[in-house]
Amino acid sequence: MSIVTRFAPSPTGYLHLGHAFSALTAWRRARDAGGRFLLRLEDIDPTRCRPEYAAAILEDLAWLGIDWDGQVRVQSGHLDDYAATLERLQTKGLLYPCFCTRADIQRQAIAAAPHGPDGGPVYPGTCRALSPAERAARADEPYALRLDMARALIDGLTFEEEGEGTIPADPARFGDVVLARKDTPSSYHLCVTHDDALQGVTVVTRGEDLKQATHLHRLLQALLGWPTPVYAHHRLLTDPTGRRLAKRDRAMTLRELRAAEVDPENLRRRLLAGVTDPDPPPE
């Protein structure tokens, strides 16, 4: 069966070399196998995503010589899909509203409290036991919709990781994870698993920084009856000091390289070889 893989950036800034490496890894994999390469814009956060960054993603990928199959899926145009999926979980009794702020959660967590894969404290379940009357009385307050992990857990779940084989899924490490907020109708975790299933993705190609999230994604797939793709988490590019390339650290962007007249074909070859310092521009 032909593979389907994807590149799914968030338009919160310009693409940098780390993004380019991830896109090229997935693109080359699809093209070498005669499969399909999809592009998806994960733009559900209205406070950080901007249309000029979305447009730049398309321009920069095309400049680098990366093409994609079919239409670009833009998540903000499909919020009804995610709302319907949340309703399915709600009907199963697996969601509850949480009115705690991040500061509340930090105060509630003691030093010895367990921490999740992101390093933050696992939510202690403060709002889980609120009565229906208490929840209704606070409906006008900001809230998050959390997955009731104790009720949602399914024994024996596994997923396939390329190079490692079958891995037991351990979603409990996330605790009662947030799947939506009152002002943000869905979370990354829900949207990404929904869209991978909808788009028929057979191999999820992404950076190893998202590897731990696979445990939670496997649970959501089981709860919602979605297929489980194979996962291929690639290494992350780093700068000469060994630090991961990231937007917050002002990693060099493709937009800057275009302005400097760097040759895109040569850059593509060097990135696929794992070289992070592009050739200097011509004199």
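**Exercise 1. The parallel sheet**

Which residue in strand 2 does Val4 stand opposite? Work out the strand order too, and say which strands are at the edges.

*Solution.* A quick reminder before starting: this is a predicted model.

Step 1. Look across from Val4 and you hit Arg36 in strand 2.

Step 2. Now zoom out to the pairing. Strand 1 and strand 2 (residues 36–41) run parallel, and four bridges join them.

Step 3. Add the third strand: you get an open sheet with the order 1-2-3 and parallel pairing. Strand 1 (4–7) and strand 3 (73–74) each have a single partner strand, so they stand at the edges with one side lacking a neighbour in the sheet.

**Exercise 2. Helix 1 and what it packs on**

Find the strands that helix 1 lies across, then describe how helix 1 sits against helix 10.

*Solution.*

Step 1. Helix 1 (residues 17–32) lies across strand 1 and strand 2, and runs at about 150° to strand 2.

Step 2. Turn to helix 10 (residues 264–272). Its axis and that of helix 1 come within 10 Å and cross at roughly 85°. Angles of 65 to 115 degrees count as roughly perpendicular, so that is the label for helix 1 and helix 10.

Step 3. List who touches whom. Helix 1 brings Leu17, Ala20, Phe21, Leu24, Thr25, Trp27 and Arg28, and these meet Leu267, Arg268, Leu271 and Leu272 in helix 10. Sorted by class, this contact of helix 1 with helix 10 has eight nonpolar residues, one polar and two charged.

**Exercise 3. Helix 7: buried or exposed?**

How many of the 11 residues of helix 7 are buried? And how does helix 7 pack with helix 3?

*Solution.*

Step 1. Count the covered positions: eight of the 11 are buried, so to speak mostly covered. The buried ones are His189, Leu190, Cys191, Val192, Thr193, His194, Asp195 and Asp196.

Step 2. Get the geometry. Helix 3 (residues 79–91) and helix 7 (residues 188–198) have axes 10 Å apart, at an angle of about 105°. Helix 3 and helix 7 are therefore roughly perpendicular.

Step 3. Check the contact. On the helix 3 side you have Asp81, Tyr82, Thr85, Leu86 and Leu89; on the helix 7 side, Leu190, Cys191, His194 and Asp195. That contact splits into five nonpolar, two polar and two charged residues.

Step 4. Walk off the end: just after helix 7, Gly200 has a positive phi of about 70°.

**Exercise 4. The nonpolar cores**

Which residues touch the most other members of the largest nonpolar core, and which element gives the most to it?

*Solution.*

Step 1. This core has 28 residues, and Leu89, Leu147, Leu179, Leu219 and Leu223 touch the most other members.

Step 2. Two or more residues come from each of helix 3, strand 5 (144–147), helix 6 (149–152), strand 8 (178–181) and helix 8 (213–224). Helix 8 gives the most, with five.

Step 3. Zoom in on Leu179. Beyond neighbours within four places in sequence, its contacts include Leu86, Leu89, Leu147, Leu190 and Leu220.

Step 4. Don't miss the other core, which lies apart and has 24 residues, among them Phe7, Ala26, Ala30 and Leu267.

**Exercise 5. A hairpin**

What is the bridge partner of Glu161 in strand 7?

*Solution.*

Step 1. Strand 6 (residues 158–161) and strand 7 (residues 165–168) run antiparallel, joined by four bridges. The partner of Glu161 is Gly165.

Step 2. Three residues separate the strands of this hairpin, and Gly163 in the turn has a positive phi of about 85°.

Step 3. Sort the faces of strand 6: Phe159 and Glu161 are on the covered one, Thr158 and Glu160 on the uncovered one.

Note on methods. Residues are numbered from 1 along each chain as its sequence is written. This is a predicted model: local features need pLDDT of at least 70, side-chain atom pairs count only at pLDDT 80 or more; totals for chains, interfaces and linings use all residues. Side-chain values use heavy atoms; hydrogens and water are left out. Two strands pair if DSSP finds at least two bridges between them. Contact means heavy atoms within 4.5 Å. Axes are lines fitted to C-alpha atoms, for helices over the stretch in contact, and angles run from 0 to 180 degrees between N-to-C directions. Angles under 35 degrees count as roughly parallel, over 145 as roughly antiparallel, 65 to 115 as roughly perpendicular and the rest as oblique. Ala, Val, Leu, Ile, Met, Phe, Trp, Tyr, Cys and Pro count as nonpolar, Asp, Glu, Lys and Arg as charged, and the others, Gly among them, as polar. A nonpolar core is a set of buried Ala, Val, Leu, Ile, Met, Phe, Trp, Tyr and Cys residues joined through side-chain atoms within 4.5 Å. Buried means under 20% relative accessible area, exposed over 50%, partly exposed in between (1.4 Å probe, protein chains only).
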